[in-house]
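Good morning, and thank you for the invitation to speak. Please take a moment to look at the sequence and the structure on the screen before I begin.

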Amino acid sequence: MNSPFPARLSRRALLSTGGALSAGALLTACGDNSPTGSAGDGTDANAPSGAFRFTDDRGETVELDAVPERIVAYVGTAAALHDYGIRSVGVFGPTTNPDGTPGPQAGRLDLDDIRVLGTAWGEFDIEDYTVLEPQLLVTNMFEPGALWYVPDESADTIAGLAPTLGILVAPTADRPGIRLGDVIDRYTQLATALGADLTTTAVTEAKARFEAAAEAVRRAARDNPGIKVLACSGAADLFYVSDSSSAADLAWFQELGVELIVPEHVDAGGFFESLSWENADAYPADLLLMDSRGVALQPDDLADKPTFTRLPAVEAGQITGWNSEPVPSHAGCAPLLENLAEALRTARKVS
């Protein structure tokens, strides 16, 4: 595989790899990003008791007589819902690393207990999907209207078997202000509509941990200023430098004070600038956030790339893993923020 991203050059295919607000405020600042025509959080307080009604980020409303129990979801979506107590019967998308271990998008899912319908771009086993008797399909969206990892050629068939919901997880031209807290907020709203209890100890402790970790990132960036951070992903032929304006997490990190390097020549599809390995040193950095997904090459895989091994941050051992598709839940994102805070605290200027 030459690229950790699908070859089709669109915002959908080119998956990458605020400062004055507290983390808690960010988590409650999502009302303006909710679809118009909904209750503000996508749910309907007037829905009949026991019924399900939710408006997704396409502005489409799913109405069911009962709360769906047989949910099929993109793996990261299923992982987020799992963290709020909502189980999926099937998943699709990159569930495992090349060695067969659960991938970062799988979060805390027990993959032995879930039917996997496909793991690669374009894979979706409709026969297995039918057998699962799905009542609802949920996935992310990186551009409006495009359901992540639902193949275009079978999208109509899939939509005919069960209602679909899409949650926007990245800033777009018409909604540039989406941040990680907004995405998590949308998933807590959906989880609530699906019957989750957000007052459980596990959920409240995860939220507190997330907010504390966000504040730790803010403090680390403030107390160790001038650390230039490069969010990046490695492939056999190319080195991808991520554009924070297209990533809900990176844009938020900047607002927390992280000095992220912004690429100057972002590819037409958005999300990143593609560099040949000969030009991998175009943006000197003190700390690398390296894409930790199974589709991306890891630092040990890049030992034969001299321009990579000679990067100042690499020579200094200042690399930290970055799941460029973070599981959009408090429990899923808290460890990522803690790792970032620790990396910022201990980094030194080397570029």
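I shall go through a helix, a cavity, several charged residues and two residues with an unusual backbone angle. Please keep in mind that what you see is a predicted model.

Let me begin with helix 2, which covers residues 75-83. How many of the 9 residues of helix 2 are buried? The count is 8, so the helix is largely enclosed by the rest of the structure. The buried residues are Val75, Gly76, Thr77, Ala78, Ala79, Ala80, Leu81 and Asp83. What do they pack against? Their partners are three strands, namely strand 3 (71-74), strand 4 (90-92) and strand 6 (136-141), together with helix 5 (180-193), helix 6 (201-223) and helix 10. Just after helix 2 comes Gly85, whose phi is positive, at about 90°.

Helix 10 appears again when we turn to the empty space inside the model. The second largest cavity holds about 110 Å³ of space. Its lining is made up of 14 residues, and those nearest the centre are Phe253, Trp322, Leu336, Leu337 and Leu340. Three elements each give two or more residues to this lining: helix 7 (248-255), strand 13 (319-322) and helix 10 (330-346). Which of the elements gives the most? It is helix 10, with 5 residues.

Next, the salt bridges. The model has 15 salt bridges, and I have chosen three of them. In one, Glu338 and Arg209 are paired, with their closest N and O atoms 2.7 Å apart. Glu338 belongs to helix 10 and Arg209 to helix 6, so this pair ties together parts that are 129 residues apart in sequence. Both ends are partly exposed: Glu338 has a relative accessible area of 30%, and Arg209 has one of 40%.

In another, Glu63 meets Arg53 at 3.4 Å, taken from N to O. Here Glu63 lies in strand 2 (residues 61-64) and Arg53 in strand 1 (residues 52-55), 10 residues apart. Glu63 is exposed, at 56% relative accessible area, whereas Arg53 is partly exposed, at 22%.

The last of my three joins Arg58 to Asp56 at 2.6 Å, again N to O. Asp56 is buried, with a relative accessible area of 0%, while Arg58 is partly exposed at 23%. These two residues also belong to a network of salt bridges that includes Glu60.

Now consider a charged residue without such a partner. Glu273, in strand 11 (residues 272-276), is buried and yet has no salt bridge. Where is the nearest side chain of opposite charge? That side chain belongs to Lys228, and it is 15 Å away. As a salt bridge requires the two atoms to lie within 4 Å, I ask you to look for other polar atoms around this residue. A polar atom of the Glu273 side chain lies 3.1 Å from the backbone nitrogen of His265. Leaving aside neighbours within four places in sequence, Glu273 is in contact with several residues, including Phe239, Tyr240, Val241, Pro263 and Tyr283.

Arg115 offers another view of a charged residue. Its place is strand 5 (residues 115-116), and it is partly exposed, with a relative accessible area of 33%. A polar contact of 3.4 Å joins its side chain to that of Asp128. Apart from residues up to four places away in sequence, Arg115 touches Val89, Gly90, Val91, Asp128, Val131 and Leu132. The C-alpha atoms of Arg115 and Tyr129 are separated by 8.8 Å, although the two residues are 14 apart along the chain.

Finally, I turn to the backbone. Which value does phi take at Tyr149? It is near 65°, a positive value in a residue other than glycine. Tyr149 sits in the loop between strand 6 and helix 4 (155-161), and with a relative accessibility of 9% it counts as buried. Phe271 likewise is a residue other than glycine with a positive phi, near 85°. Its loop runs between strand 10 (259-260) and strand 11. Is Phe271 buried or exposed? Phe271 is buried, with a relative accessible area of 1%.

To close, I would ask you to return to helix 10 on the screen: it packs with buried residues of helix 2, gives 5 residues to the cavity lining and carries Glu338. Thank you for your attention.

How values were computed
Residues are numbered from 1 along each chain as its sequence is written. This is a predicted model: local features need pLDDT of at least 70, side-chain atom pairs count only at pLDDT 80 or more; totals for chains, interfaces and linings use all residues. Side-chain values use heavy atoms; hydrogens and water are left out. Helices (H or I, at least four residues) and strands (E, at least two) are DSSP runs, numbered from the N terminus. Buried means under 20% relative accessible area, exposed over 50%, partly exposed in between (1.4 Å probe, protein chains only). Lys and Arg count as positive and Asp and Glu as negative; His and the chain ends are not counted. A polar contact is a pair of N or O atoms within 3.5 Å; within protein, one must be able to donate a hydrogen and the other to accept it, and residues adjacent in sequence count only if both atoms are side-chain atoms. Contact means heavy atoms within 4.5 Å. On a 1 Å grid over the protein atoms alone, a cavity is a set of points where a 1.4 Å probe fits but cannot get out, and a pocket is an open set with protein on both sides within 12 Å along at least five of seven lines; lining residues have an atom within 4 Å of a point. Grid points are joined across faces, edges and corners, and a volume is the space filled by probe spheres set on the points.
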